[in-house]
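Biologist: Hey, got a minute to go through the charged pairs in this one with me? Pull it up and let's chat.

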Amino acid sequence: MIKKVLPYVIVESQSTFLKGRGILDSVLMANEVVENLRRRGRSGLCLKVDFEKAYDSVRWEFLYDMLQRMGFHYRWILWIRGCMESVFVLVLVNGSPTEEFTPSRGLRQGDPLAPFLFLVVAEGLVRLVREAVKGNLLTGLKVGRKEVVMSLLQFVDDTLFFCEDSFTNVVTLKAILRGFELASSLKINFHKSKLAGLNVLDKDIDCYTKTLNCSTMGTPFNYLGIEVGGNSRKEKFWEPVLNKLKSRLNVWKGRFLSMAGRICLVKSVITAVPLYYLSLFKASKSVCKSIISIQRRFLWGWGKDNKPISWISWKNLCKPREEGGLGIRDIRKFNVALLAKWKWRCISNEKGRWKECLESKYGT
């Protein structure tokens, strides 16, 4: 029964959480929206919302109501209720435990079921925005020739709102967030929330931030750990990736590792650190040379500060082991392969909001 119900949460929810490529899809759409405004010279607003103690403040009654509205079986809802209300908590005061008591809200962090339940709660915000757009109370940003409307991007508790430059939209956003807070007890921390204006006058931005009681942020800005709205052709855009690689592959760390250890570290770091950036943007030749230089210096440095000697060409090291190489990924081919996945996903039968956005902007 559980195996039959859980896929329903993944497929039907508008949020992109728990999908393998959800984080990349969200960043891709955010970047396309910002780039579309810049190219067409249109104005728009982007609100980055911060939830205060998201998991700890979810109201259980709202969760049960959302499960019922999404069509879950009453027996499943009873199971969830039993899991939520069977918890006992005690507090240590000066090293002495207090009496046990039952909490009335919140999701247990570390529980494998908690992310699914938070996804159901976040669906309430998605439906509020959808109804506001249908009622012409909120005007989202249109992307491409088909004018695909983008008003909300959500990945767990990382939320981005997009709307046109108008005071009415700002008031509507505040009413939606306030209503969702009263219903779900997910409090919005407006002091940490940030508003960005694209082609918007400074005086209008000041008026909007005072209405929302939030701060401003410029473009480009970070979303899910990736810079949105930046120019990937410039080396400054890739500085966070290069800095992380330098910190992980410091030359002095090589003196404590054998050759096999350095090879394993080079492989793991180049696969993990720049993965998201390489999956969305094409790295220039100068950036690829900088990454290869960091790898080569760490591999042959042996903890020395002076220029190391490369005993074998890097091209041969990137060959598979069957051909006499070490199997290190070629950063340029790795970048092209990751970008080719988007083309494969576009020509496949996969459906998604990201695909509608790309087809509307660039065509099929």
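Modeller: Sure. Let's start with Glu123, which counts as buried at 3% relative accessibility. Keep in mind that this is a predicted model.

Biologist: OK, so what does Glu123 form a salt bridge with?

Modeller: Arg127 is the partner, and the closest N and O atoms are 3.6 Å apart.

Biologist: And is Arg127 buried or exposed?

Modeller: In between, actually: Arg127 is partly exposed, with 31% relative accessibility. Glu123 sits under the 20% cut-off for buried, at 3%.

Biologist: Where do Glu123 and Arg127 sit in the fold?

Modeller: Both are in helix α5, residues 114–134. They are four residues apart there, so about one helical turn separates them.

Biologist: Why does that spacing suit a pair in a helix?

Modeller: An α-helix has 3.6 residues a turn, so residues three or four places apart point the same way.

Biologist: Tell me about α5 itself. How many of its residues are buried?

Modeller: 15 of the 21, so α5 is largely enclosed by the rest of the structure.

Biologist: And what's its reach from end to end?

Modeller: From first C-alpha to last, α5 covers 31 Å, close to the 30 Å expected.

Biologist: What follows α5?

Modeller: Asn136 comes after the helix, and its phi is positive, near 60°.

Biologist: Switching topic: how many salt bridges do you count?

Modeller: Twelve. One of them joins Glu85 and Arg81, with 3.3 Å between the closest N and O atoms.

Biologist: Which helix holds Glu85 and Arg81?

Modeller: That's α4, residues 74–85, where the two are four residues apart, about one turn.

Biologist: How accessible are those two side by side, Glu85 and Arg81?

Modeller: Glu85 has a relative accessible area of 36%, and Arg81 comes in at 28%. Glu85 is partly exposed, and Arg81 is partly exposed too.

Biologist: What about Arg353, which side chain does it meet?

Modeller: Glu356, in a salt bridge at 3.2 Å, N to O. That pair is in helix α14, residues 353–362, and the spacing is three residues, about one helical turn.

Biologist: And how exposed are Arg353 and Glu356?

Modeller: Arg353 is partly exposed at 40%, and Glu356 is partly exposed at 39%.

Biologist: Last one: which residues are linked in a network of salt bridges?

Modeller: Glu32, Glu35, Arg39 and Lys361 are linked that way.

Technical notes
Residues numbered from 1 in each chain as written. Predicted model: local features only at pLDDT ≥ 70, side-chain atom pairs only at ≥ 80, totals over all residues. Heavy atoms only, no water. Salt bridge = Lys/Arg side-chain N within 4 Å of Asp/Glu carboxyl O. Buried < 20%, exposed > 50% of the residue type's maximum accessible area, 1.4 Å probe, protein only. Expected span 1.5 Å × (residues − 1).
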